Amino acid sequence: MALLSEYPRTVSECKSEPMPRRVKSMEEQQEIQGVMKKIARYASLNWFTSEELKKKQIYNEIYSSLTMLEDFLDYYGLRQNFLVTMVIYVERYLREVGKVDATCAFDVFLVATIVTVKMWEDKWITNKAFSRMFATNPKDLSANEIQFLAAIDYDLAVDNTHIIEFMERLYGISKQQI
């Protein structure tokens, strides 16, 4: 069950070439960054741990992962609400497997992004394309996807109730300090 943690790597090891971003209003940019910061804070307090990294470093690793994946979603013109859906999938996964080392945060979020795109988007992006974009082995990526889906029992249903409940948890815990 530990495929995602067998190859720990930081987000800096996953970076591909920078992706152009669509122009967003200042309010839209601030709103997205605010949500990503809250998610990173929530995740660093609840989902990820590390013997090597301090809490602030864990937060930075998660925030960098979210930023890179949001850039990816934006580049491909994928829906804004995918970020929250992807994080709901991460929460389901970690509820089943427990806390994961922070060096695996990017891979956990990447697999959740892949699952989200495949489930909710008409555009089909292969694991081979994902692996090229994010410098990872396509076989490992496919194995991680299967493991991730098995851990969440293939439960990919997300409706407004799930989103509202997650946002309530997110905004309730975001007041805690790192």
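In the predicted model, helix α4 contains 16 residues, and its first and last C-alpha atoms lie 22 Å apart, close to the 22 Å expected at 1.5 Å a residue. Of these 16 residues, 13 are buried, so α4 is largely enclosed by the rest of the structure. Immediately after α4, G98 adopts a positive phi of about 90°.

One residue of α4, which covers residues 82-97, is V87. The relative accessibility of V87 is 0%, and V87 therefore counts as buried. When neighbours within four places in sequence are set aside, V87 is in contact with I39, W47, L66, F109 and F166. The C-alpha atoms of V87 and A43 are 9.2 Å apart in space, although the two residues are separated by 44 residues in sequence. Both I39 and A43 belong to the buried residues of helix α2, a set that also includes I32, V35, M36, A40, Y42, S44 and L45. Helix α2 itself comprises 21 residues (26-46), which should span 30 Å at 1.5 Å a residue; the end C-alpha atoms are 30 Å apart, in agreement with that value.

These helices belong to a protein chain whose secondary structure amounts to 8 helices and 2 strands. The order of the elements from the N terminus is α-α-β-α-α-β-α-α-α-α. Of the 178 residues in the chain, 48% are buried. Among contacts between residues at least 6 apart in sequence, 81% join residues that are at least 24 apart.

Helix α5 was examined next. At 1.5 Å a residue, the 16 residues of α5 should span 22 Å, and the 22 Å between its end C-alpha atoms agrees with this. Burial affects 13 of the 16 residues of α5, so this helix is largely enclosed by the rest of the structure.

Two packing arrangements of α5 are described here. A pair of packed helices is described by the angle between the axes and by the distance between them. For α3 (residues 55-75) and α5 (residues 105-120), the axes come within 9 Å and cross at roughly 25°. Angles under 35 degrees count as roughly parallel, and α3 and α5 are therefore roughly parallel to each other. The crossing of α3 past α5 is right-handed. On the α3 side, the contact is made by I62, S65, L66, M68, L69, F72 and L73, and on the α5 side by A105, F106, F109, L110, T113 and V117. By class, this contact has 11 nonpolar residues, 2 polar residues and no charged residues. Two of the participants, L66 of α3 and F109 of α5, are also among the contacts of V87.

The second arrangement involves α7. Helices α5 and α7 pack at an angle of about 80°, and their axes are 10 Å apart. An angle of 65 to 115 degrees counts as roughly perpendicular, and α5 and α7 are therefore roughly perpendicular to each other. Helix α5 contributes V108, L110, V111, A112, I114, V115 and K118 to the contact, while α7 contributes L141, N144, E145, F148 and L149. By class, the contact of α5 with α7 has 9 nonpolar, 1 polar and 2 charged residues. L110 of α5 takes part in this contact and also in the contact with α3.

Within α7 lies L141, which counts as buried because its relative accessibility is 2%. Beyond its neighbours within four places in sequence, L141 is in contact with L110, V111, I114, N127, F130, S131 and T136. Of these, L110, V111 and I114 are among the α5 residues that make the contact with α7. The C-alpha atoms of L141 and S131 are separated by 7.0 Å, with the two residues 10 apart along the chain.

Positive phi values also occur in loops beside α7. A135 is located in the loop between α6 (127-133) and α7 (138-151). The phi of A135 is near 50°, a positive value in a residue other than glycine. With a relative accessibility of 46%, A135 counts as partly exposed. D153 is located in the loop between α7 and α8 (160-173). The phi of D153 is near 55°, again a positive value in a residue other than glycine. D153 counts as exposed because its relative accessibility is 64%, and exposure is assigned over 50%.

Conventions. Residues are numbered from 1 along each chain as its sequence is written. This is a predicted model: local features need pLDDT of at least 70, side-chain atom pairs count only at pLDDT 80 or more; totals for chains, interfaces and linings use all residues. Side-chain values use heavy atoms; hydrogens and water are left out. Helices (H or I, at least four residues) and strands (E, at least two) are DSSP runs, numbered from the N terminus. The expected span of a helix is 1.5 Å times one less than its number of residues. Buried means under 20% relative accessible area, exposed over 50%, partly exposed in between (1.4 Å probe, protein chains only). Contact means heavy atoms within 4.5 Å. Axes are lines fitted to C-alpha atoms, for helices over the stretch in contact, and angles run from 0 to 180 degrees between N-to-C directions. Angles under 35 degrees count as roughly parallel, over 145 as roughly antiparallel, 65 to 115 as roughly perpendicular and the rest as oblique. A crossing is left-handed if the near helix is turned anticlockwise from the far one by less than a right angle, and right-handed if clockwise. Ala, Val, Leu, Ile, Met, Phe, Trp, Tyr, Cys and Pro count as nonpolar, Asp, Glu, Lys and Arg as charged, and the others, Gly among them, as polar.
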